[in-house]
Amino acid sequence: MDKQSNTDKILLLTLDFSPSIGGVACYYYGLCNALRNKIVVLTVKASLTHRTTQNLDRTARKGFVVYRRKLETENKILFFLPRWLPSIYYAWQIVGREKVSQLAVGNILPLGYVAYLIKIFKKKPYTVFTHG
């Protein structure tokens with residue numbers, strides 16, 4: 001990361017992020033606060049309750065971008081395909097749009113697969129967080 005320019009960012013792929021309740025979600029939120037405009041987050045869509053909307057607004061003011069998408073599908077026709085295929089699509093888009101230089105993964109399954117595929121095809125290194 002020593003050669004990282006000011007425009008290169010880290011993409012954090014996680015299923016646990018604020019406003020989710022729990023230590024892991026708080027940890028990632030704190031990490032993003034520390035890195036501010038050097039990190040971008042791809043996480044699951046939150047239900048838009050009043051409390052959630054307030055947290056999303058606060059996140060936007062902190063200086064880092066959070067993309068909330070439906071990362072898994074319930075495809076009943078092509079049931080043999082992995083449910084996490086939409087995650088690849090969204091991560092691929094964000095890597096290009098945000099000039100991401102590396103990825104950080106909060107959940108080895110299924111998002112570790114996404115990071116691994118991006119490493120193979122886009123030559124982006126990734127780091128996996130483990131906790132427990």
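Phenylalanine 129 is partly exposed in this predicted model, with a relative accessible area of 22%. That value falls short of burial because buried means under 20% relative accessible area. Its ring pairs with that of tyrosine 28, a residue that is buried at a relative accessible area of 1%. The ring centres lie 5.6 Å apart and the planes meet at 55 degrees, so the pair is tilted. An angle over 60 degrees would have made the pair edge-to-face. This contact links distant parts of the chain, with tyrosine 28 in helix H1 (residues 23-35) and phenylalanine 129 in the segment after strand E5 (126-128). Along the sequence the two are 101 residues apart.

A second pair, tyrosine 89 with tyrosine 90, is edge-to-face. Here the centres are 5.3 Å apart, with 65 degrees between the planes. Tyrosine 90 is partly exposed, and its relative accessible area is 22%. The ring of tyrosine 90 also has a charge over it: the charged end of arginine 69 sits there, 5.9 Å from the ring centre. Elsewhere, Phe17, Tyr29 and Phe64 form one aromatic cluster. The count of aromatic pairs comes to eight.

The overall layout gives these contacts their setting. The protein has four helices and five strands. Read along the sequence, they follow the pattern β-α-β-α-β-α-β-α-β. Of the 132 residues, 36% are buried. Among contacts between residues at least 6 apart in sequence, 71% join residues at least 24 apart. The accessible surface comes to about 8100 Å², and carbon and sulfur atoms account for 57% of that surface.

Part of the surface is a nonpolar patch of about 650 Å², made by Ile77, Leu78, Phe79, Phe80, Leu81 and Leu85. Phenylalanine 80, one of these residues, is placed in the loop between strand E3 (65-69) and helix H3 (85-97). Its relative accessible area is 59%, so phenylalanine 80 counts as exposed, the cut-off for that class being over 50%.

Side chains of opposite charge can pair when their charged atoms come close. How many salt bridges does the structure hold? There is one, formed by glutamate 98 and lysine 9, whose closest N and O atoms are 3.0 Å apart. Like the pair of tyrosine 28 and phenylalanine 129, this salt bridge links distant parts of the chain. Glutamate 98 lies in the loop between H3 and strand E4 (100-105), while lysine 9 belongs to strand E1 (residues 9-13), and 89 residues separate them in sequence. Are the two partners buried or exposed? Both glutamate 98 and lysine 9 are buried.

Lysine 99 is found in that loop between H3 and E4 as well. Its backbone has a positive phi of about 55 degrees, although the residue is not a glycine. Lysine 99 is partly exposed, with a relative accessible area of 49%; it is not classed as exposed because that class requires over 50%. Most residues other than glycine have a negative phi, and most peptide bonds are trans. Arginine 36 also has a positive phi, about 45 degrees in its case. This arginine is found in the loop between H1 and strand E2 (39-44). At 41% relative accessibility, arginine 36 counts as partly exposed.

The peptide bond between leucine 109 and proline 110 is cis, with omega about 5 degrees. Proline 110 is in the loop between E4 and helix H4 (111-122).

Two glycines within helices complete the tour. Glycine 96 lies in helix H3 and counts as partly exposed at 46% relative accessibility. Its C-alpha atom is separated by 9.5 Å from that of lysine 122, a residue 26 positions away along the chain. Glycine 30 has its place in helix H1, and at 35% relative accessibility it too counts as partly exposed. Computed along the sequence in residues, glycine 30 and serine 18 are twelve apart, and their C-alpha atoms are 9.7 Å apart in space.

Technical notes
Residues are numbered from 1 along each chain as its sequence is written. This is a predicted model: local features need pLDDT of at least 70, side-chain atom pairs count only at pLDDT 80 or more; totals for chains, interfaces and linings use all residues. Side-chain values use heavy atoms; hydrogens and water are left out. Patches are made of residues with over 30% relative accessible area and no salt bridge: like charges are joined within 9 Å, nonpolar side chains (Val, Leu, Ile, Met, Phe, Trp, Tyr) within 5 Å. Accessible areas come from the Shrake-Rupley method with a 1.4 Å probe; for residues, only the protein chains shown count as cover. A salt bridge is a side-chain nitrogen of Lys or Arg within 4 Å of a carboxyl oxygen of Asp or Glu. Buried means under 20% relative accessible area, exposed over 50%, partly exposed in between (1.4 Å probe, protein chains only). Rings of Phe, Tyr and Trp (its six-membered ring) pair if their centres lie within 6.5 Å; planes under 30 degrees apart count as stacked, over 60 as edge-to-face and the rest as tilted. A charge sits over a ring if NZ of Lys or CZ of Arg is within 6 Å of the ring centre and within 35 degrees of the ring normal. Contact means heavy atoms within 4.5 Å.
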